[in-house]
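I opened my notebook to walk through this model one spot at a time. Here is what I looked up, in the order I went.

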Amino acid sequence: MHPFMFERAETPAAAVRAAAGARSGSALHNPAQFLAGGTTLLDLMKLDVMRPQTVVDINALDGGALGRVEATRGGVRLGALVRMADAAEHPTIRRDCPMIAQSLELAASQQIRNMASLGGNVLQRTRCGYFRDVSYAECNKRNPGSGCAAMNGVNREHAVLGASQQCIATYPGDFAQALIALDASVQTVGADGGRTLRFAALHRQPGNTPEVETALRPGEMIAAFDVALAPWMRRSLYLKVRDRESYEFALASTAVALDLRDGRVADARIALGGVATVPWRARTAEQALRGQAVDDASIAAAADTAFAEARTHEHNAYKVELGKQTLARALRQAAALQI
């Protein structure tokens, strides 16, 4: 681990000011990082993948709005410093949108959920072995322009949706799939004040710049997530398929919410995890379901369209069929829920 400056912030403004002092850096030499639970950041610092000049401890901010779950007009606001375990156990979330609680419960071990913050969770970086092992020089996320070792390497866990010629690393998170499915928005605090952006705009597909992973500006911090909830979103679930049930990242997952009226789909929300480079909203699958009864034919059509643009590599072609089966199973289970 390399030397770094460590600062504790007592207010959001102080945190932003501390981070603003280090605004230059490469993908490897990250200028400033905010520290909450540290379950991702400290890992990557120890692996020498991230070398921040400044680490700003923001845990003192959890006594304010950043550390609370609050009801809003028509929904809920989740503070960025709320711990995953606390959000998963919140009665409003469990009752009004089970997919959020389930995505958090299935994301990690209880010990990690007790520490990890919601804001840090959505910003966690890929689990690609070539990214996390600096002995591999070819990683465009760590070393832009160096190439992507995963292209011709072991790519069993890599993305089939949203990839580019520069990067096929999978986004690893679970909670983000629920947020993107529910059209959540993100509140931020930065040097120029606060702003609101759609959660769907937070993460960036790799394209030609895989080292640029989010739309956050230098020194900008996530403050909260706003989720609009409707009664029909109680008919929701998060389904995760992984190599081991106890604790593992998704090979394929899906967040599903269905609005059923007179046996037909009035609205649907679908996100796919474990198969894409970013949190992935399956809008074409949603459109295929609208107006249809939830039966074998409509489910198969939705699954096919969800993966119509999939691009596979040597070891990950199985993810297309696994992803389809995971989505189909989730749709059947959601349709059967009693709300």
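**Entry 1: a loop between two strands**

I began with Asp262, which sits in the loop between strand 10 (252-261) and strand 11 (264-273). I kept in mind throughout that this is a predicted model. Is Asp262 buried or exposed? Its relative accessible area is 84%, so I wrote it down as exposed. I also checked the backbone: phi of Asp262 is positive, about 55 degrees, although the residue is not a glycine.

**Entry 2: another aspartate**

Next I turned to Asp183, in the loop between helix 9 and strand 6 (185-190). Its phi is also a positive value, near 55 degrees, in a residue other than glycine. For Asp183 I noted 41% relative accessibility, which counts as partly exposed because that class runs between the 20% and 50% cut-offs.

Which residues does Asp183 touch, beyond those up to four places away in sequence? I found Arg269, Arg281 and Arg283. With Arg281 there is a polar contact between the side chains, at 2.7 Å. I looked at one further arginine, Arg198: it is 15 residues from Asp183 in sequence, and their C-alpha atoms are 7.2 Å apart.

**Entry 3: a glutamine in helix 9**

I then stepped into helix 9 (residues 175-181), where Gln177 is found. Gln177 has a relative accessibility of 1%, so it counts as buried. What surrounds Gln177, leaving out residues up to four places away in sequence? My list reads Tyr171, Tyr238, Ser253, Ala255, Ala271, Leu272, Gly273, Pro279 and Trp280. The side chain of Gln177 also reaches the backbone oxygen of Gly173, at 3.2 Å. For scale, I took the C-alpha separation of Gln177 and Val76: 17 Å in space, with their positions 101 residues apart in sequence.

**Entry 4: an asparagine in a loop**

Asn316 was my next stop, in the loop between helix 11 (296-306) and helix 12 (318-336). Although Asn316 is in a loop, its relative accessibility is 0%, so I logged it as buried.

Which backbone atoms does the Asn316 side chain meet? It reaches the backbone nitrogen of His313 at 2.6 Å, and a polar atom of the same side chain lies 3.3 Å from the backbone oxygen of His158. His158 turns up again among the contacts of Asn316 outside its neighbours within four places, together with Asn155, Arg156, Ala159 and Val160.

**Entry 5: a pocket and a cavity**

His158 led me to the second largest pocket, where it is among the residues nearest the centre, with Arg127, Cys128, Glu157 and Thr170. This pocket has a volume of about 310 Å³ and is lined by 19 residues. By class, I noted eight nonpolar, six polar and five charged residues in that lining.

How many cavities of 30 Å³ or more does the whole structure hold? My search found one. The largest cavity has a volume of about 70 Å³. Of its 15 lining residues, Cys128, Cys139, Asn140, Cys148 and Cys167 are the closest to its centre. The lining divides into 10 nonpolar, three polar and two charged residues. Cys128 therefore went into my notes twice, because it is listed nearest the centre of the cavity and of the pocket, with lining defined by an atom within 4 Å of a point.

**Entry 6: the cysteines**

All those cysteines made me look for disulfides. I found zero in the whole structure. Cys139 is in no disulfide, and the nearest cysteine sulfur, that of Cys128, is 6.1 Å away. That pair does not qualify because a disulfide needs sulfur atoms within 2.5 Å. Cys139 is buried, at 7% relative accessibility, and Cys97 is buried too, with a relative accessible area of 1%.

**Entry 7: two covered helices**

Helix 5 (residues 98-105) is mostly covered, with six of its eight residues buried. I listed them as Pro98, Met99, Ile100, Ala101, Ser103 and Leu104.

I closed with helix 1 (residues 12-20), where Ala14, Ala15, Val16, Ala18 and Ala19 are buried. What covers the buried residues of helix 1? The cover includes strand 1 (5-8), strand 2 (32-35), strand 3 (54-57), strand 6 and strand 8 (221-228).

How values were computed. Residues numbered from 1 in each chain as written. Predicted model: local features only at pLDDT ≥ 70, side-chain atom pairs only at ≥ 80, totals over all residues. Heavy atoms only, no water. Helix = DSSP H or I, 4+ residues; strand = E, 2+ residues; numbered from the N terminus. Buried < 20%, exposed > 50% of the residue type's maximum accessible area, 1.4 Å probe, protein only. Contact = heavy atoms within 4.5 Å. Polar contact = N/O pair within 3.5 Å; in protein donor to acceptor, adjacent residues only side chain to side chain. 1 Å grid on protein atoms, 1.4 Å probe; cavity = no way out; pocket = protein on both sides within 12 Å on 5 of 7 lines; lining within 4 Å. Points joined across faces, edges and corners; volume = space filled by probe spheres on them. Nonpolar A, V, L, I, M, F, W, Y, C, P; charged D, E, K, R; others polar.
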